[in-house]
Amino acid sequence: MHVAGARILLVEDDPRVRTATVDALEDLDYEPVACGSGAEAIALFNAQEFDLVISDVIMPEMTGPELIRYLKRTSPRDFAVLFVTGYVGEGESDDLRGSELLRKPFTVGALANAVSTALARTASEPPRTSAGAARG
């Protein structure tokens, strides 16, 4: 499911990966906003609405799963999640269960498929109740 113009928050601590991913997302007709840390992501997320958050799994200070848990706990808005990792073996942990996972290095085609799948998954899920959102 390609949603042209979908607003995407990209959280990636490696500037080269961040720049290349933003370029690819723009080429795919998405509207990415990028930052390099969990703290920056929280500020951006609170300032505007996003359809999807793409986050690196391993980052200094706050991991991707920690960031997503915080955003889901503190925001009434629903949003899709796509984790990105360069580490083999990640993906089996409880932190990543229920979210799309894209392994680095990835092609633009793989990114396009992962974004579409993540957006479609959220669109087909029933709205979360406050009790479901409070579980951590």
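Colleague: Before we start, what do you mean by buried?

Modeller: Buried means under 20% relative accessible area, exposed over 50%, and partly exposed in between (1.4 Å probe, protein chains only). This is a predicted model, so local features need pLDDT of at least 70 and side-chain atom pairs count only at pLDDT 80 or more, while totals for chains, interfaces and linings use all residues. Residues are numbered from 1 along each chain as its sequence is written, and side-chain values use heavy atoms, with hydrogens and water left out.

Colleague: Great. Is Ser-55 buried or exposed?

Modeller: Ser-55 counts as buried because its relative accessibility is 0%. Ser-55 is part of strand S3; helices (H or I, at least four residues) and strands (E, at least two) are DSSP runs, numbered from the N terminus.

Colleague: And which residues is Ser-55 in contact with?

Modeller: Setting aside neighbours within four places in sequence, Ser-55 has contacts (heavy atoms within 4.5 Å) with Val-11, Gly-64, Leu-67, Leu-82, Phe-83 and Val-84.

Colleague: What about Ile-54, which residues does that touch?

Modeller: Not counting residues up to four places away in sequence, Ile-54 touches Ile-8, Leu-9, Leu-10, Val-11, Leu-25, Leu-82, Val-84 and Val-115. Ile-54 also appears among the residues with the most contacts inside the largest nonpolar core, along with Tyr-30, Leu-52, Leu-82 and Val-115.

Colleague: Nice. How many residues does that largest nonpolar core have?

Modeller: The largest nonpolar core has 20 residues. A core here is a set of buried Ala, Val, Leu, Ile, Met, Phe, Trp, Tyr and Cys residues joined through side-chain atoms within 4.5 Å.

Colleague: Which elements supply at least two residues of this core?

Modeller: Strand S1 (7-11), helix H1, S3, strand S4 (80-85) and helix H4 (108-124) each do so. H4 gives the largest share of this core, six residues.

Colleague: And what lies apart from it?

Modeller: Another core of 17 residues lies apart from it, with Ala-41, Phe-50, Leu-67 and Phe-83 among its members.

Colleague: Switching topic: how many aromatic pairs are there?

Modeller: The count is two. Rings of Phe, Tyr and Trp (its six-membered ring) pair if their centres lie within 6.5 Å, with planes under 30 degrees apart called stacked, over 60 edge-to-face and the rest tilted. Phe-45 and Phe-50 are a stacked pair because their planes are at 20°, with ring centres 6.4 Å apart. Both of those residues, Phe-45 and Phe-50, are buried.

Colleague: What are the numbers for Phe-45 and Phe-79?

Modeller: Phe-45 and Phe-79 make an edge-to-face pair, 5.0 Å centre to centre with 65° between the planes. That pair links distant parts of the chain, 34 residues apart: Phe-45 is in helix H2 (residues 38-47), and Phe-79 is in the loop between helix H3 (64-74) and S4. Phe-79 is buried, as is Phe-45.

Colleague: Which residues make up the aromatic cluster, then?

Modeller: Phe-45, Phe-50 and Phe-79 form one aromatic cluster.

Colleague: Last one. Where does Val-22 lie, and is Val-22 buried or exposed?

Modeller: Val-22 lies in helix H1. Val-22 counts as buried because its relative accessible area is 15%.

Colleague: Which residues is Val-22 in contact with?

Modeller: Leaving out neighbours within four places in sequence, Val-22 contacts Leu-10, Pro-32 and Ala-34. From Val-22 to Leu-10, C-alpha to C-alpha, is 7.7 Å in space, and the two are 12 residues apart in sequence.
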